[in-house]
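Work through the exercises below with the sequence and the 3D view at hand. Try each task before you read its solution.

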Amino acid sequence: MNAHEIDYEIYGEEMQYVEIELDPQEAVVAEAGSFMMMDTDIKMDTIFGDGSGQDSGVLGKLFSAGKRLLTGESLFMTAFLNVGGGKKQVSFASPYPGKIVPIDLSELGGKFICQKDAFLCAAKGVSVGIEFSRKLGRGLFGGEGFIMQKLEGDGLAFVHAGGALAKKELGPGEVLKVDTGCIVGFDQSVNYDIEFVGGIKNTIFGGEGLFFATLRGPGTVYVQSLPFSRLAGRVLAAVPRGGKDKGEGSILGGLGDMVMGDRGF
């Protein structure tokens, strides 16, 4: 498996985008909706699956696309091919505030496991598949279910992390405990499991969920400070309920906020 060799530059701070430079006949594949802009002479094409098995016949294409349904993604991806005679650029934007992380699969043993909605784009030839959890507890309570995404190949892939990004290098046997939603991804040498928080007070009043993930080294782990589910929850909690908003500057609105807090009903 030889993915296309691409060059890139990441721009921005809170809302980043990645600009990928394509030589003639080089291509990149991306999730639908991540496209930002491109030069002329770049041809955009909708394909089944990730494009890594486009020469494997009809059944191969259908299987590649069908895998994506299990992760909740679209059957289709978008390929951007440079059909011109010189170098061209195409850019992809992050879906919400955070960081874009370049993953060189050739340096990680050819495989990287990430949460279902972390993948942004990759050099054509990188396989975007599924990773089944082999443990019942991890599947039921791990936050991402039985299935995570796996990126395989020898090329560059780009994943998105919400908020600030932490990269942890775990030594052999070293354990990192993480909120299940805060995992961005990890390499194949890391052992992933879940652990019950424990304690009656923690369980009932902790507000942090009943389980957290345990990541055991050796290997590289990426952790995000703002999972999209947490961001969406805070936005939903701030939406006025039961009719018209009283207004942030009103006396009644301020009194209500003091009594009920910023997550009051």
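The exercises cover one strand, its partners and some salt bridges in a predicted model.

**Exercise 1. One strand**

Task: Find strand β13 and decide which of its residues are buried or exposed.

Solution:
- Step 1. Locate the strand. β13 spans residues 156–162.
- Step 2. Apply the cut-off. Buried means under 20% relative accessible area.
- Step 3. Count. Seven of the seven residues in β13 are buried.
- Step 4. Sort by direction. Leu 156, Phe 158, His 160 and Gly 162 point one way. Ala 157, Val 159 and Ala 161 point the other way.
- Step 5. Recall the rule. In a regular strand, side chains alternate between the two faces of the sheet.

**Exercise 2. Its partners**

Task: State how β8 and β10 pair with β13, and name a residue pair for each.

Solution:
- Step 1. Take β8, residues 98–104. It pairs with β13 in the antiparallel sense, over seven bridges.
- Step 2. Pick a pair. Gly 98 stands opposite Gly 162 in β13.
- Step 3. Take β10, residues 119–123. It also runs antiparallel to β13, with three bridges between them.
- Step 4. Pick a pair again. Phe 119 has Val 159 of β13 as its bridge partner.

**Exercise 3. A salt bridge from β8**

Task: Explain what the salt bridge between Lys 99 and Glu 13 ties together.

Solution:
- Step 1. Check the distance. The closest N and O atoms of Lys 99 and Glu 13 are 3.8 Å apart. The cut-off for a salt bridge is 4 Å.
- Step 2. Place both residues. Lys 99 lies in strand β8, and Glu 13 lies in the loop between β1 (7–11) and β2 (17–22).
- Step 3. Conclude. The two are 86 residues apart in sequence, so the pair ties together separate parts of the chain.
- Step 4. Look at exposure. Lys 99 is partly exposed, at 25% relative accessible area. Glu 13 is exposed, at 53%.

**Exercise 4. Other salt bridges**

Task: How many salt bridges does the structure hold? Describe the one between Lys 111 and Glu 131, then look at some others.

Solution:
- Step 1. Give the total. The structure holds seven salt bridges.
- Step 2. Describe the pair. The side chains of Lys 111 and Glu 131 meet at 3.1 Å, N to O.
- Step 3. Place the pair. Lys 111 is in β9 (residues 111–114) and Glu 131 is in β11 (residues 127–132), 20 residues apart.
- Step 4. Check exposure. Both Lys 111 and Glu 131 are buried.
- Step 5. Look further. Lys 150 bridges to Glu 152, with the closest N and O atoms 3.9 Å apart. Glu 152 is partly exposed, at 26% relative accessible area.
- Step 6. Find a network. Salt bridges link Glu 21, Asp 23 and Lys 87.

Terms used:
Residues numbered from 1 in each chain as written. Predicted model: local features only at pLDDT ≥ 70, side-chain atom pairs only at ≥ 80, totals over all residues. Heavy atoms only, no water. Buried < 20%, exposed > 50% of the residue type's maximum accessible area, 1.4 Å probe, protein only. Helix = DSSP H or I, 4+ residues; strand = E, 2+ residues; numbered from the N terminus. Pairing = 2+ DSSP bridges.
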